[in-house]
Amino acid sequence: MREINNLKTRLSTAFEMKDLGPAKQILGMKISRDRSELYIEKVLSRFRVNDAKPKTTPLANHFKLSKEQSPKTAKERNVTLQGFVDADLGGNVDSSKSTSEYVYTIGGTAMSWMSKLQKCVSLSSTEA
């Protein structure tokens, strides 16, 4: 956002302009948020992290790493991969279906996660 504001400031020194706020329509096409964006907001709200502050990654997107930059010593390569898996037996009150979930972390940072309502009802943990 800072970069956008900086660009607006530089353009306004060179041109006469007025900031009308975010675009709602471009070339006759209405701009609307897609379903995935709404889903992400719903998930963030559900876990009460929708006000969380974003964190940057160590490198910008345009950086490419070479083989020479990879870890060479045992200490550099000592990155812990952990996986956590859980399921609640019949935890959904309405359908009695179970929810399965997992999260994999590398060095304490979540790399992959999933939470899924199962398609069928299990009557025991063995059957699940």
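Q: Is V85 buried or exposed?
A: Keep in mind that we're looking at a predicted model. V85 sits in strand β3. Its relative accessible area is 66%, and the cut-off for calling a residue exposed is over 50%. So V85 counts as exposed.

Q: Which residues join V85 in a nonpolar patch on the surface?
A: The patch takes in V85 itself, and together its members have about 610 Å² of accessible area. Strands β3 (81-88) and β4 (99-106) each chip in at least two residues. The partners of V85 are V79, L81, Y104, I106 and M111.

Q: Is Y104, from that same patch, buried, partly exposed or exposed?
A: Y104 has a relative accessible area of 37%. Partly exposed runs between the buried limit, under 20%, and the exposed limit, over 50%. So Y104 is partly exposed.

Q: How are the rings of Y102 and Y104 arranged: stacked, edge-to-face or tilted?
A: The structure holds one aromatic pair, and its rings belong to Y102 and Y104, with centres 5.3 Å apart. To name the arrangement, look at the planes: under 30 degrees would be stacked and over 60 edge-to-face. Here the planes are at 55°, so the pair is tilted.

Q: What is the relative accessibility of Y102?
A: Y102 is the ring partner of Y104. It counts as partly exposed, a label for values between 20% and 50%. The number for Y102 is 29%.

Q: Which element gives the most to the lining of the largest pocket?
A: This pocket holds about 470 Å³ of space and is lined by 14 residues, with V43, R46, F47, W113 and S115 lying nearest its centre. The elements giving two or more residues to the lining are α2 (35-46), β4 and β5 (109-117). With five residues, the top contributor is β5.

Q: Which residue does K8 meet in a salt bridge?
A: A search of the whole structure turns up one salt bridge. Its N to O distance is 3.0 Å, and the cut-off is 4 Å. The side chain that meets K8 belongs to D19.

Q: How many residues apart are the two ends of that salt bridge?
A: K8 lies in helix α1 (2-14), while D19 is in the loop between α1 and β1 (25-26). That means the pair links distant parts of the chain, and the separation is 11 residues.

Q: Is K8 buried, partly exposed or exposed?
A: K8 has a relative accessible area of 29%. Buried would need a value under 20%, and exposed one over 50%. So K8 is partly exposed.

Technical notes
Residues are numbered from 1 along each chain as its sequence is written. This is a predicted model: local features need pLDDT of at least 70, side-chain atom pairs count only at pLDDT 80 or more; totals for chains, interfaces and linings use all residues. Side-chain values use heavy atoms; hydrogens and water are left out. Patches are made of residues with over 30% relative accessible area and no salt bridge: like charges are joined within 9 Å, nonpolar side chains (Val, Leu, Ile, Met, Phe, Trp, Tyr) within 5 Å. Accessible areas come from the Shrake-Rupley method with a 1.4 Å probe; for residues, only the protein chains shown count as cover. Helices (H or I, at least four residues) and strands (E, at least two) are DSSP runs, numbered from the N terminus. Buried means under 20% relative accessible area, exposed over 50%, partly exposed in between (1.4 Å probe, protein chains only). Rings of Phe, Tyr and Trp (its six-membered ring) pair if their centres lie within 6.5 Å; planes under 30 degrees apart count as stacked, over 60 as edge-to-face and the rest as tilted. On a 1 Å grid over the protein atoms alone, a cavity is a set of points where a 1.4 Å probe fits but cannot get out, and a pocket is an open set with protein on both sides within 12 Å along at least five of seven lines; lining residues have an atom within 4 Å of a point. Grid points are joined across faces, edges and corners, and a volume is the space filled by probe spheres set on the points.
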